[in-house]
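Work through the following exercises with the sequence and the coordinates at hand, and try each task before reading its solution.

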Amino acid sequence: MIRARQDLCVAIFLLMFCSVMLWASYDIRDLGYPGLKPETWPRFLLILLSGLSALYLIRSLKSLKNPEAPSEDAAAHLGFWSKYKNAVWCFALFFLFLFSLDYIGMLIGGMLFVFSLLTVLGEFTRKNIIMHSIVAIISVGLMWLIFTYSLRVHLPAGEIFAAWQV
């Protein structure tokens with residue numbers, strides 16, 4: 001019951017936060033650059049976050065009406081590493097990606113980051129390694145294409161590709 005009330009409070013806070021930030025997005029100054037307006041991405045992300053927060057509110061209201069019996073979870077008795085292993089891996093690999101960004105660039109670094117994250121969090125089999133490679137190449141390649149050609153934003157190339165730049 002306490003968990004449901006905490007979820008309800010967090011959902012309400014998130015909705016209020018999104019409302020205030022969405023209202024504040026109307027004060028973003030337009031500098032007149034061609035392309036997307038500066039408030040487009042913040043509003044898109046805030047609307048997405050508001051929708052997810054609304055789903056969270058609905059779910060917490062349902063769990064408040066129908067509280068579940070407390071169950072003994074096996075993960076509750078495990079240590080810190082067993083409980084937060086995936087989150088620690090995600091943060092550690094992301095920081096390695098950020099530190100290597102200047103040297104190997106966004107394209108190669110992003111592919112290595114996605115591949116290593118999928119491999120660490122998933123199963124380590126030959127079939128999955130091939131699938132992780134394909135997903136990393138396609139996802140980072142598509143993101144690079146969108147940023148470079150649609151949004152006209154050049155992502156960090158790194159020192160490896162610096163020799164080919166004019």
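**Exercise 1.** Determine which helix gives the most to the nonpolar surface patch, and list the residues that make the patch.

*Solution.* Begin with the membership of the patch in this predicted model: Leu118, Ile130, Met131, Ile134, Val135, Ile137, Ile138, Leu142, Leu145 and Tyr149 together make a nonpolar surface of about 920 Å². Next, set these positions against helix 4, which spans residues 126-150 and supplies nine residues, the greatest contribution to the patch. Ile138, for example, lies in helix 4.

**Exercise 2.** Describe how helix 3 and helix 4 pack, giving the angle, the distance between their axes and the handedness of the crossing.

*Solution.* First take the geometry: helix 3, residues 80-121, packs against helix 4 at an angle of about 145°, and the two axes are 8 Å apart. The crossing of helix 3 with helix 4 is right-handed. Then turn to the residues that meet, where helix 3 contributes Met106, Leu107, Gly110, Met111, Val114, Phe115, Leu118 and Thr119, while the helix 4 side includes Ile129, His132, Val135, Ile137, Val140 and Trp144.

**Exercise 3.** Place these helices in the chain as a whole: how many helices and strands are there, and what percentage of the residues count as buried?

*Solution.* The secondary structure amounts to four helices and zero strands, in the order α-α-α-α from the N terminus. Of the 166 residues, 17% count as buried, and the accessible surface comes to about 13,100 Å², with 70% of that area belonging to carbon and sulfur atoms. Finally, among contacts between residues at least 6 apart in sequence, 62% join residues at least 24 apart.

Methods: Residues are numbered from 1 along each chain as its sequence is written. This is a predicted model: local features need pLDDT of at least 70, side-chain atom pairs count only at pLDDT 80 or more; totals for chains, interfaces and linings use all residues. Side-chain values use heavy atoms; hydrogens and water are left out. Patches are made of residues with over 30% relative accessible area and no salt bridge: like charges are joined within 9 Å, nonpolar side chains (Val, Leu, Ile, Met, Phe, Trp, Tyr) within 5 Å. Accessible areas come from the Shrake-Rupley method with a 1.4 Å probe; for residues, only the protein chains shown count as cover. A salt bridge is a side-chain nitrogen of Lys or Arg within 4 Å of a carboxyl oxygen of Asp or Glu. Helices (H or I, at least four residues) and strands (E, at least two) are DSSP runs, numbered from the N terminus. Buried means under 20% relative accessible area, exposed over 50%, partly exposed in between (1.4 Å probe, protein chains only). Contact means heavy atoms within 4.5 Å. Axes are lines fitted to C-alpha atoms, for helices over the stretch in contact, and angles run from 0 to 180 degrees between N-to-C directions. A crossing is left-handed if the near helix is turned anticlockwise from the far one by less than a right angle, and right-handed if clockwise.
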